[in-house]
Amino acid sequence: MNVEKIDKSGQKKNARWESFKEWVKKHILAIVLVVSVMVIAGVFIIAIHSIKYEQTASVELKLPTKKPAPKKFYSPLTGVEIANEAAAKLPVTGVMIENSPAARPQSGLKKAGVVYEAVAEGGITRFLALYQGEKPALIGPVRSLRLYYLSWAAPYQASIAHVGGSPNALSQVRNGNYRDIDQFFNDGSYWRSRDRYAPHNVYTSGEKLDQLNSAKGYNNSEFTSFARADGKPVESPNATSVNINLSGSLYNTSYAYDKASNSYLRSMAGAPHTDREDGQIAPNTVVAMEVGVEARAQNYDGYEDVKTTGSGKAYIFQNGTVATATWSKADINSPLKLTDESGKDIALNRGQTWIAAFTPGRGSVSWQ
């Protein structure tokens, strides 16, 4: 081993180390300054990034969140928007309203959600007016029930307000399966007006009917009615004038389409048909149904009833147009359906629907 080489190498390393230490001593202040600057710069950079992150996080937290659209509720009777789900389950009440000349103008018809119109006897028509949530101060004159009106009312789980009725109608409505609120047994919920003579002067009100329903425990109605949609006038209407003849000149009706309100101004016996308190009646949709008739059970009184079950042709007027449809009803408690040629439910405009049932050969429908 060459000891001299090792010594020389060690001496060189020591010399370099001693030289480095001398350099450090001479430049110690500069080194400390540089290191301090680097540390401060590092801290500053970290702080800046931290502030930016916090600001970004703060901005992100403060960004407004998109609120879900409020849930909308619609009346199952009319399809119009209502306040809440509870309003959709309010009890439905069907009121039999007279239409002889001595009963005009009637009260409460304009506020009804759905109205069924048909001949009672002797060519005289009568109305079944259905209400849910509406409270007219006057409804009437109230008259007697017929079986076919009960058939139209039953699917709505409706209370039936009337003054007596035909024997077969009374036998059915009093069998315990219906909400019968006949004036005969609930006199306090009806009164006789002094400005008209009997039997054209029995009236009730939305408030009294609500109280009567509540007293009997009829607190809600759950049912399926017609499909509904938002109506909009068409560009090229094809049915702006509609005539529905039911029996004779005193009871035949016509409708003039009003584009501004997208409704049909109703006339009867050649004059505007007005609600005594609320003016001219103007449903949003008019339906004309072809119906047959049959002798009442056992033909004990010589009168006829309208056939409400089965199917037939119907004409639907809305938005200034006419659509040919099929009406069908399986049984007394099943809903009336209006379908197109493919069997699909036809959506009716939201708002009042007026349904007129006429018998071909005795009545008719036309439009232009």
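**Entry: Lys 89 and Glu 85**

I began with Lys 89, which forms a salt bridge with Glu 85; their closest N and O atoms are 3.9 Å apart. I note here that the model is predicted. I then looked up how covered the two partners are. Lys 89 has 37% relative accessibility and counts as partly exposed. Glu 85 is partly exposed too, at 44%.

Next I asked where Glu 85 sits. I found Glu 85 in the loop between β2 (81-82) and β3 (92-98). I also checked the spacing to Tyr 74. Glu 85 and Tyr 74 are eleven residues apart in sequence, and their C-alpha atoms lie 8.2 Å apart in space.

**Entry: other salt bridges**

How many salt bridges does a search of the whole structure find? I noted 14. Side chains of opposite charge can pair when their charged atoms come close.

I picked out Asp 182 and Arg 174. Their side chains meet in a salt bridge, with 3.0 Å from N to O. Is Asp 182 buried or exposed? Asp 182 is buried, with a relative accessible area of 0%. Arg 174 is partly exposed, at 39% relative accessibility.

I turned to Arg 362. Arg 362 forms a salt bridge with Glu 304, and the closest N and O atoms are 2.8 Å apart. This pair links distant parts of the chain, 58 residues apart. Arg 362 lies in the loop between β24 (353-358) and β25 (364-367), while Glu 304 belongs to strand β19 (residues 304-306). Glu 304 is partly exposed, with a relative accessible area of 33%.

I also found a network. Glu 121, Arg 146, Arg 296 and Asp 305 are joined into one network by salt bridges that share partners.

**Entry: strand β4**

Glu 121 led me to strand β4, which covers residues 114-121. I checked the cover on this strand. Seven of the eight residues in β4 are buried, so I wrote it down as mostly covered, taking buried as under 20% relative accessible area.

Which way do β4 and β5 run? They run antiparallel, and seven bridges join β4 to β5 (residues 124-131). Opposite Glu 121 in β5 stands Ile 124. I looked at the turn of this hairpin as well. Two residues lie between the strands, and Gly 122 takes a positive phi near 60°.

β4 has another pairing in my notes. With β24, β4 pairs in the parallel sense over four bridges. Here I looked up Tyr 116, whose bridge partner in β24 is Ile 355.

**Entry: Tyr 116 and the cores**

I stayed with Tyr 116. Which residues touch the most other members of the largest nonpolar core? I listed Tyr 116, Leu 130, Trp 152, Tyr 156 and Met 289, out of 39 residues in that core. Helix α2 (residues 147-153) gives the most to this core, with five residues.

I then listed contacts of Tyr 116, leaving aside its neighbours within four places in sequence. Among them are Arg 126, Phe 127, Leu 128 and Leu 130. The list also includes Tyr 149, Trp 152 and Tyr 156. Phe 226, Leu 336 and Ile 355 are in contact with Tyr 116 as well. Ile 355 thus appears twice in my notes, as a contact and as the bridge partner in β24.

Last, I looked for another core. A second, separate core has 35 residues, including Leu 109, Ala 239, Val 242 and Trp 354.

Notes
Residues numbered from 1 in each chain as written. Predicted model: local features only at pLDDT ≥ 70, side-chain atom pairs only at ≥ 80, totals over all residues. Heavy atoms only, no water. Salt bridge = Lys/Arg side-chain N within 4 Å of Asp/Glu carboxyl O. Buried < 20%, exposed > 50% of the residue type's maximum accessible area, 1.4 Å probe, protein only. Pairing = 2+ DSSP bridges. Core = buried A, V, L, I, M, F, W, Y, C linked by side-chain atoms within 4.5 Å. Contact = heavy atoms within 4.5 Å.
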